[in-house]
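The questions below ask why certain labels are given to parts of a model, and each reply sets a value against the criterion behind the label.

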Amino acid sequence: MASLLQGRLPVNQDVLLMQKGTLLRKVRSKSWKKLRFFRLQEDGMTVRHARQVGGRAKASFSISDVETVRNGQESELLRSLAEEFPLEQGFTIVFHGRRSNLDLVANSVEEAQIWMQGLQLLVDFVTSMDQQERLDQPGWLSDWFQRGDKNQDGRMSFQEIQRLLHLMNVEMEPEYALQLFQAADTSQSDTLEGKEFIEFYKALTKRPEVQELFEKFSADGQKLTLLEFVDFLREEQKEGNRASDLALELIDRHEPSESGKLRHVLSMDGFLSYLYSKDGDIFNPSCRPIYQDMTQPLNNYFINSSHNTYLVGDQLCGQSSVEGYIRALKRGCRCVEVDIWDGPNGEPVVYHGHTLTSRILFKEVVATVAQYAFQTSDYPVILSLENHCSWEQQETIAHHLTEILGEQLLSTTLDGQLPTQLPSPEELRKKILIKGKKLRTLEEDLEEEEEEEVLETELEREQEAELELESQLESETQELSPRSKDKNEKVVMCPLFCSPICCQIMVQAPLPKPGLPLFPKQKCKAILCPALSALVVYTKTVSFYNFAHSREHYRFYELSSFTETKAKSLIKEAGNEFVQHNAWQLSRVYPSGLRTDSSNYNPQEFWNAGCQMVAMNVQTAGLEMDIYDGLFRQNGGCGYVLKPDFLRDTQSSFQPERPISPFKAHTLLIQELLQVISGQQLPKVDKTKEGSIVDPLVRVEIFGIRPDTTRQETNFVENNGFNPYWGQTLCFRVLVPELALLRFVVKDYNWKSRNDFVGQYSLPWTCIQQGYRHIHLLSKDGTSLHPASIFVHICMLEGLEGVES
C-alpha cells in the first residue's frame, strides 16, 4: 500500500530506518518495562509492534493519532527511572485526546533521535496536508488497507474485500460488491493493489444525495456555472450579499480541474470537496479565529476552568501528574487548580489531601505551567491555589512562583494604580495571575507602596543633604584629619538633623498603615505568609454569605467559590441576583466532593447565571465535557468567551430559571431540504465483533435555559454504518439562542439495552452555518473520527410573533 502516499510522503534516512524496525523498551510503570519490536509500515502512516523481531505484529498507533513527540526529560515516568535508563535514550509519544502517552526507551541516543525526528516529520506532514489530500489519500485509507490485507501481501483478494466491508460497517449484496471489485481491478489480477483500491473506495463512497442536490442547481448536470453556484450559496447556504465573491473563492479553492478554475465552473468533485471541507462545515468559519471583543473586564467572560487539574484519574486513589496541567492548558484551560500541602525536605507537594492520590512537587507543577501556559492561547492563566501549608513552606511557594514564573507572574496592578474594574484579557496577555487568600485589601497594599515611595524619596533627599554636609566638613578638616585611602573603609556619619524615621527604615521593613493590624482577623486558622499574600492581585478569594453582603463588603477584585449544590440552590432561589452579582464579580463553581469518580455536572445551568469559572474534571470524557468543549470551540479556542450582554449588565432583569421577553423566539428546522439527511463512514462501536454492523440513529440535543433544553432523534437505519440515509424532519424552538448549544450525537440502536455511543459534535447556536452542511464527528475523547460525518440541511426562521417564555 506504499503507493498510496508515494511522491507525497517525506522520506529521509530516519523514516527509512524506522521502516526497517527497531527494538525499543516500552515503559508503563517502574515495574513494567518490556522490549518490543516497533516498525513503521510501508504506507508511512502506521506503526506496528511485536514481542520480538519477526514475531506476530499488531497495530500500535497511526501517525494521525499522534499530537507530538517529547524527549525523555519531559516524562515524569522516565525521569523517575533516570538511574536505570539515560534520559537521552528515552522519548514520549503524545496522542490526541485522553489516550495515555507511550513512553519508549531506545538502546542508544542515536536510535532515540531517529524515532523522535522521524515521527515528528511524519506528524508535521499529516498536519500540513490540505483538505483535498485528506480526501484523496489519507492515512486512514492506508489503515483500512492494512486491516483488510489479512495475509499482509500488499494486495487484497475479493474475500479480503468482503471482510473489509464488515470492518468498515458496510452491509452490501455480494453481487454488487463483486461488480465494484471487478471494475476497479484494471490489472485483471483478481486482486486490488494501491491505486486500484483507491478507485474501489471512490466507487463505494459515491453520494447520490449530493448528486441529486448538484443536479438541482446545474442546468446540464455536469457542472455548476458561476451564476448557478452563486444562486446555491445565496438561496440554500444563506450567504447573502457575499455570495458572488465567495463563489469565486470557493471555486478556486475546491475545483480540482485547472480548466474548471479558469472557466469559473464547479464540477461534481469540486462541489463535494466544498461541502465536505471547513467551508461547508456546520461551524461558521468566522467564529473560528478570535472574533470577540477582548478588551472588556475579566468578569465579562466565560473562562475555561479545570478542577483538581493535577489528577488524571479519580479523586480518591488516582494519579497526580504534571500531565494533567499539560493537557488542560493545551486544550485551552485558563484557570487551573493546585492543592498544596507540606512536603518532605521543605518542598511543598500537590495532591488531593486526605486521600490516597499520589503526590508531585509543587515546583514541578509551576515549571510545567510556565512552559505550557501560553502554547494554545496568549490570554491570562489563573493559578487557583488551595493552600494548606505551614508558614515556612508558604514562603517556599512564594519563592518558586517568583523565581520560576519570572516576568510571566503578575505581582502588582498593571500600572501601579488602584483600578476601578478588573483588567481585560487583552491587557493581561502572557500573564499568570495567582488566585488565593490575601491578608489585606488591594487599596491597603497600594497605599503602603505609596508611603514607601514617599519615605524613600525623603530618605534620598536627606542622604543627599548628608553627603553635601559631609563634603563641606571634609574640605574644612582635610588637613587636620586626613581620610583613609582605603576605599573599602567608608565612614558614614548621620547628621544631627537626621529624622528618627530614617534610621528605622534602614534597619527594618516599612510598617503597615497606622491603625491597621498586621494580620487582620482571618476565618482560617492557618497563618498566611505575607510574601505569598502579596502575589494575589486581581483574584482574591473571599467567603460568600449572601448577595447583599457581597455588595456591601466586597470589592470587584474579590471572588467567591461555590460548590455545584450551593450554586444550583442560589440559581433557583435568587437567579436574577446571581446574574447581577456575576456582572461585577468573578464566581467559580466546582464539582461536589461526592463525585469521587471525577464525574462532571452539566455546566450549562451555571453559564445561564453568568458564572465565569465553571470548573470541570477535564480528564473525564462524556456529555458534560462535550458541552463544555462546544462552548469554548469558538473564539480561537483561546479559553475566553464573551458573555451575552444581558449577563454583563449589573441591572439585568434576566432570570435564568424564568426568562421573559424581550427575548424573541428562533426556530431551527433540520430536514432534507430541511432534513437530517445522511451519514458517512460511521465507525463500529464494538470492533472486536467482525460481523457486527451498527444500526445508527441521530439525536439532536439543545442545551440552554430550561425551556430551551430538549432533544429529538431520527429512526435507526438497520445494518448500515457506511452510508445510512435518514431524511427526517426535526424542529426546535429556542427562546434564548445566545445561551443555546447544539449537540449532534450518533448512537448505535440496541433494543436490548442502552444505545451505544458512536460519535458527536457540539457547538454554540450562534456559530451555526445555515444550509447544507457536514458535521464531522468526534470521539468520546474529543478526537476526530475522520472521515465519519453526518450531512444535514439547516434553516433558521427568527422572531416568530406571539412566542414568549
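Labels and the values behind them

Pro787 is found in strand S30, which covers residues 784-800 of this predicted model.

Q: What joins His786 and Pro787, and what is the value of omega there?
A: The two residues are joined by a cis peptide bond, for which omega is about 10°.

Q: How many helices and strands are there in the chain, and what share of the residues counts as buried?
A: The chain has 23 helices and 30 strands, and of its 805 residues 53% count as buried. About 37,600 Å² is exposed by the chain, with 49% of that area supplied by carbon and sulfur atoms. Among contacts with a separation of 6 or more, 69% are between residues 24 or more positions apart.

Q: Why is Gly639 called buried?
A: Its relative accessible area is 3%, and buried means under 20%, so Gly639 meets the criterion. Gly639 lies in the loop between helix H23 (623-632) and strand S20 (640-642). Leaving aside residues up to four places away in sequence, Gly639 touches Phe302, Ile303, Asn304, Gly332, Arg334 and Phe632. Phe302 is 337 residues from Gly639 along the chain, yet their C-alpha atoms are separated by 8.0 Å.

Q: What makes Leu23 count as partly exposed?
A: Partly exposed residues fall between the buried limit of 20% and the exposed limit of 50%, and because Leu23 has 33% relative accessibility, it belongs in that class. Leu23 is part of strand S1 (residues 22-27), and together with Leu35 and Val53 it forms a nonpolar patch on the surface, with about 240 Å² of accessible area for the three together.

Q: How do you know that the span of helix H16 agrees with what is expected?
A: At 1.5 Å a residue, the 15 residues of H16 (residues 391-405) should span 21 Å, and the end C-alpha atoms are 21 Å apart, so the two values agree. The buried residues of H16, including Gln393, Ile397 and Leu401, pack against strands S11, S14 and S15 and helices H15 and H19. Just after H16, Gly406 takes a positive phi of about 55°.

Q: Why are the buried residues of H11 said to be on the same side?
A: The buried residues are Ala243, Leu246, Ala247, Leu250, Ile251 and His254. They cover an arc of only 135° around the axis, which puts them on the same side of H11. On the other side of H11, Asp245 and Asp252 are exposed. The cover over the buried residues of H11 includes helix H10 (226-235), helix H12 (258-263), strand S9 (266-267) and helix H13 (268-276).

Q: Which classes of burial do Asn308 and Asn719 fall into, and why?
A: Asn308 has 2% relative accessibility, which is under the 20% limit, and therefore counts as buried. Asn719 has a relative accessible area of 29%, which lies between 20% and 50%, and is therefore partly exposed. Phi of Asn308 is near 45° and phi of Asn719 is near 50°, each a positive value in a residue other than glycine. Asn308 lies in the loop between strand S10 (301-306) and helix H14 (322-330), whereas Asn719 is found in the loop between strand S24 (710-713) and strand S25 (725-728).

Terms used: Residues numbered from 1 in each chain as written. Predicted model: local features only at pLDDT ≥ 70, side-chain atom pairs only at ≥ 80, totals over all residues. Heavy atoms only, no water. Buried < 20%, exposed > 50% of the residue type's maximum accessible area, 1.4 Å probe, protein only. Helix = DSSP H or I, 4+ residues; strand = E, 2+ residues; numbered from the N terminus. Arc of directions from axis to C-beta. Contact = heavy atoms within 4.5 Å. Patch = residues over 30% accessible without salt bridge, like charges linked within 9 Å, V, L, I, M, F, W, Y side chains within 5 Å. Areas by Shrake-Rupley, 256 points an atom, 1.4 Å probe, with all protein chains shown as cover. Salt bridge = Lys/Arg side-chain N within 4 Å of Asp/Glu carboxyl O. Expected span 1.5 Å × (residues − 1).
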